[in-house]
Amino acid sequence: MSDLNTQAVERYRNNFLKEVEENVEEGHWVKMCMQCGVCSGSCPFGPHWEHPPQEIFMMIRAGKRDEVLASDSMWMCTSCYNCIVRCPRKLPITHIMHGLANYAHRLGIAPKGQPTREFAKLFWDNMMKKGRVNEMKLTIGHYFRNGIGAGIKEAMAMKDVGLGMLKAKRLNPMELAGGHGLKDLKGFHAMVAKAKEIEDRKKGFVK
Amino acid sequence: MSEMKTAAYICKGCGLGERLDAAQLSKVAQKEGKANLVREHDFLCSAAGVQMIRDDIEKEAVTHVAIAACSRRAKAEAFWFPTVAMARANLREGVIWSQPDTDEAREGTQEMADDYVRMACAEVKRMKLPAGNTETGHNKRLLVVGGGVSGMTAAIEASNTGYQVVLVEKSGSLGGWGARLWKRIPFQEPLKDPVETGVTDMIDRIGADPNIKVYLNATLAKTTGAPGRFAAEIAVESGSVAMEEVGAIVQASGFGTYDIAELPELGGGKSPDVVDQAGLEKLAVEAAARGQPIRRPSDGGEIRTVAFVQCAGQRDDTGRHLPYCSGFCCSTSIKQAMYFKDVNPAVDTVVIYTDLRVPGSGEDFYRSGQEKGVTFTKGKVTGVEPGSKGCTVKFHDLILNDKDAAIQADLVVLATGQVPNSGVNVDIPEEEAAKMEVKPVSILNLDYRQGRDLPQLRHGFTDSHFICFPYETRRTGIYAAGPVRRPMDMAQAVEDATGATLKAIQAVENAELGRAAHPRSGDLSFPSFRRDGCTQCKRCTVECPFGAIDEDEQRYPLFNESRCRRCGTCMGACPVRVISFENYSVDTVGSQIKAVDMPDEFSEKPRILLLACENDAYPALDMAGMNRIQYSAFVRVIPVRCLGSVNTIWITDALNSGYDGVMLMGCKHGDEYQCHFVKGSELANYRMSKIDDTLKQLALETERVATYEVAITDIERVPQLINNYAAKINEIGLSPLKGFA
Ligand code: SF4
Ligand code: SF4
Ligand code: SF4
């Protein structure tokens with residue numbers, strides 16, 4: 001993966017804006033930001049981000065490649081779409097945030113252990129197994145990501161919610177044993193593989 | 001005019017009949033107002049009511065009409081009797097609408113109305129119907145000073161409207177700065193790319209226009225006269241002198257650029273690779289002539305990165321450079337960045353700005369710049385260091401808060417601002433100006449007593465009422481257009497010149513009819529002075545905000561009617577009170593002051609005189625009435641043309657005749673003035689600051705005279721001020737001078 005990163009660095013030299021435009025979803029919008037700061041002010045998580053969206057766009061234009069791609073800021077986006085609704089320049093900010101996160105992930109330089117990223121990976125792997133999300137396994141996998149001790153603690157803390165869901169038949173304990181999947185799992189995998197192939201081609205990640 | 005016959009009309013409509021005792025008002029008009037004819041009407045502004053007045057004028061030979069109805073600002077069309085002198089008693093907005101409809105209030109309300117009827121009757125008798133002087137000059141040609149885009153626009157617009165133009169240009173060709181641009185900022189759709197300037201077209205049109213006479217290499221050696229009869233002595237470089245007579249003048253003398261040598265810290269004057277925006281236009285024109293891209297000036301090298309430094313020597317708070325924003329330079333930098341991007345998108349163009357200001361349709365152009373890949377970086381440039389190949393631009397990145405950000409640029413463009421070309425500052429005495437390092441050169445060379453050029457407000461831009469009358473300078477008939485008035489871009493200059501030209505046309509047309517120009521457009525009255533009383537103190541000639549008064553050979557004031565705006569500031573200034581208008585004089589106001597019935601010292605009914613500027617304070621009071629906002633019934637309001645027209649005799653007269661207090665309400669003054677007559681309220685304030693001595697002489701408290709700055713929007717504040725003042729008077733007690741009058 002990291003040779004992908006080296007390649008990208010080689011290819012774009014210090015033109016990070018161009019790199020973003022060509023590789024990041026909706027990246028061609030970055031140049032249109034007028035630095036008003038409305039997005040950062042609108043983001044419910046803005047104050048907690050190391051670099052709120054406005055700043056990220058400026059950093060991209062200033063060529064701060066490593067700081068941006070290694071940042072955990074865009075991983076904090078909850079897709080609330082507040083910023084998109086308000087941006088006077090109509091930038092699809094949310095999509096750019098996810099695009100940047102995704103690009104950093106694929107280059108292998110996204111922050112290690114970043115919780116959103118870890119959960120996203122867990123979710124993806126879980127879904128890929130049977131073609132649908134197994135909630136029991138996903139929850140347990142998530143609770144026990146930091147080992148047995150921490151897992152029990154976390155599970156105990158959430159037990160009332162869990163029991164309530166069981167009662168309401170929102171959680172099926174039987175799913176722990178294997179769980180059910182899609183009818184045409186093979187077809188599903190083929191479909192995802194094709195989509196990935198198309199996207200890789202589009203973003204220049206051909207192996 | 002035949003013998004004076006006065007008539008008073010009492011309206012009973014709009015609730016006046018119910019709230020007031022009309023019979024009592026009629027009695028007052030007859031007995032105290034001594035009106036020859038008094039009539040009541042249920043609905044005076046109706047066709048029948050108006051016809052009644054008209055009939056009296058025609059059949060009864062009424063010459064002076066006092067209308068006791070609504071405010072003089074209402075029903076002006078209905079009560080339009082141009083052949084008689086007229087006064088209005090404001091019983092509606094000023095009395096019944098501003099007083100509570102209660103039994104306790106009835107007496108005070110009626111007293112108010114009675115007084116206003118007395119005042120209107122007294123006033124109208126002192127008024128004469130203004131005749132207007134139609135002999136002030138009939139010339140309708142326009143003189144345009146300056147042949148840049150503003151001046152050329154003025155000339156073309158005037159000619160299109162059917163007026164002849166004399167265009168005087170200092171340099172050897174028309175076009176000004178506009179002719180030196182490679183392209184201009186687009187001013188109509190699609191607003192995406194720089195466009196042709198169109199200057200050559202304008203020059204050609206002027207050349208082919210028989211209505212426009214052009215003098216090149218020419219300046220004004222002397223300008224004399226007034227609207228309708230200006231005479232300009234035009235000195236041509238060759239040594240010849242031409243005389244031209246014109247009716248009005250448009251001054252479009254433009255701007256100079258701020259010298260980049262003043263900005264060594266930004267590399268100004270230190271390297272050919274640091275240029276100002278004008279310098280870049282020159283490079284672009286030269287490159288286009290060669291058919292090549294712009295090259296690095298120092299060594300002809302290829303340009304890969306260009307940095308644009310915004311606000312270079314502008315918006316400066318250190319006092320060393322221009323303190324203002326020139327308004328055009330952000331868009332210009334975007335345009336110039338496109339000069340590079342449009343030829344080769346691989347060239348990096350970085351605009352370093354603190355606030356990108358793109359007025360007008362500039363937002364679209366800015367967006368186009370972004371689409372073309374111009375980089376906009378919010379930062380403050382701290383230094384430009386020229387090196388062997390290009391320069392290092394150091395800046396404080398304001399978004400990333402990086403104090404040591406830097407880029408390497410082959411070419412640096414400094415966005416310096418416009419410095420107005422407005423001639424000499426008439427507020428600086430000539431002797432002092434003579435000692436100055438750079439001697440300012442006069443543009444107009446007016447032979448006015450108050451100086452050779454248009455007065456300036458701030459930073460050398462010509463003074464004009466920024467909110468209400470932007471083109472109108474402090475010299476009637478002379479209109480400033482373009483960047484000499486305020487910094488602006490080409491599109492704004494075109495608009496500005498068009499506006500100024502139309503104003504100049506109005507001025508010549510008004511002068512022809514003997515009418516005032518703005519803000520008292522159409523007014524036929526003008527000031528005259530009684531020569532035998534004049535002590536030649538020169539106060540009027542000094543204080544007239546519009547330079548209307550010169551001096552004759554015997555050193556008496558010489559009024560130029562068509563330069564006069566009819567503000568009355570001269571009348572307020574005159575210590576011996578010899579200046580007056582036919583329908584507005586020391587006497588018309590003084591007689592109203594004295595007409596008020598003064599209750600004795602035991603009545604516990606104070607009387608407060610309020611002299612209110614008719615442009616702002618009086619309308620605010622009317623609107624307070626419309627909104628039924630109540631104020632003290634002890635106040636008697638007299639509208640004045642401008643606070644500047646208030647003669648201190650009115651104040652002393654009022655105090656002597658037993659008023660307990662005098663309030664003056666005028667417009668805001670100072671640099672951010674809103675006074676319609678520019679200096680009127682300022683002068684009034686100055687005069688009132690000296691009134692304390694008079695008060696002391698009369699052994700009165702200084703609170704008995706109070707001056708306020710109010711705006712037309714102070715609808716709630718004005719009644720509040722009155723009530724507070726009434727409370728204050730209550731506190732200090734009634735005037736000890738009551739009963740001695
Ligand atoms: S709201 Fe839009 S234009 Fe404003 S800073 Fe955010 S992305 Fe930029
Ligand atoms: S969509 Fe993401 S970046 Fe935008 S406001 Fe919501 S959390 Fe913030
Ligand atoms: S002070 Fe006013 S009224 Fe008097 S001459 Fe000047 S402009 Fe006219």
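Three bridges, counted as 3 in the assignment, join β13(B) to strand β19 (residues 411-414) of chain B, and the two run parallel. Within this pair, Val275(B) has Val413(B) of β19(B) as its bridge partner. Helices and strands here are DSSP runs (H or I, at least four residues, for helices; E, at least two, for strands), numbered from the N terminus. Two strands pair if DSSP finds at least two bridges between them.

Before going on, a word on the ground rules: this is a predicted model, where local features need pLDDT of at least 70, side-chain atom pairs count only at pLDDT 80 or more, and totals for chains, interfaces and linings use all residues. Residues are numbered from 1 along each chain as its sequence is written, chains are lettered from A and ligands numbered from 1 in the order in which they are written, and side-chain values use heavy atoms, with hydrogens and water left out.

**Two sheets in chain B**

The β13-β19 pair belongs to an open sheet of 7 strands in chain B, ordered β13-β19-β14-β15-β16-β17-β18, with mixed pairing. Why do β13 and β18 of chain B each have one side without a neighbour in the sheet? β13 (274-276) and β18 (402-409) stand at the edges with a single partner strand each, so one side of each is left free of a neighbour in the sheet. From one strand to the next, the twist averages 40 degrees. Angles of this kind run from 0 to 180 degrees between N-to-C directions, with axes as lines fitted to C-alpha atoms (for helices, over the stretch in contact).

Chain B also holds an open sheet of 4 strands, in the order β2-β1-β3-β4 and with parallel pairing. Its edge strands are β2 (37-41) and β4 (85-90) of chain B, each pairing on one side only. Here the twist averages 15 degrees from one strand to the next. Strand β1 (residues 6-11) of chain B is linked to β2(B) by 5 bridges, and these strands run parallel; Ala7(B) stands opposite Leu37(B) in β2(B).

Which strands does helix α3 (residues 47-59) of chain B touch? This helix packs on the sheet against β1, β2 and β3 (64-69) of chain B, and its direction makes about 165 degrees with that of β2(B). Helix α5 (residues 103-125) of chain B also packs on the sheet, touching β1, β3 and β4 of chain B, with about 165 degrees between its direction and that of β4(B). Contact means heavy atoms within 4.5 Å.

**Chain A and its domains**

Chain A has 12 helices and 0 strands. Its C-alpha trace spans about 55 × 40 × 30 Å along its principal axes. The domain assignment gives domain 1 (3-107) and domain 2 (115-203) of chain A, with bounds that come from an automatic or database domain assignment. Their C-alpha centres lie 28 Å apart, and the contact takes 6 residues from domain 1 of chain A and 8 residues from domain 2 of chain A.

Between them, these domains of chain A bury about 680 Å², 41% of it on carbon and sulfur atoms. Buried area is the accessible area (1.4 Å probe) that two parts lose on being put together, summed over both. In domain 1 of chain A, Trp75(A), His105(A) and Arg106(A) lose the most area to domain 2 of chain A, together 66% of what that side buries.

**Ligand shells**

A residue is near a molecule if one of its heavy atoms lies within 4 Å of it. Ala, Val, Leu, Ile, Met, Phe, Trp, Tyr, Cys and Pro count as nonpolar, Asp, Glu, Lys and Arg as charged, and the others, Gly among them, as polar.

| Shell | Nonpolar | Polar | Charged |
|---|---|---|---|
| Ligand 1 | 10 nonpolar residues | 3 polar residues | 1 charged residue |
| Ligand 2 | 7 nonpolar residues | 4 polar residues | no charged residues |
| Ligand 3 | 11 nonpolar residues | 2 polar residues | 2 charged residues |

Around ligand 1 there are 14 residues, the closest being Cys33(A), Cys36(A), Gly37(A), Cys39(A) and Cys87(A). α3 (38-42) and α4 (53-61) of chain A each supply at least two residues of that shell. The surroundings of ligand 2 include Cys43(A), Cys77(A), Cys80(A) and Cys83(A). Ligand 3 is surrounded by 15 residues, and the closest are Cys544(B), Cys564(B), Cys567(B), Gly568(B) and Cys570(B).

**Backbone details**

A cis peptide bond joins Glu189(B) and Pro190(B), with omega about 10 degrees.
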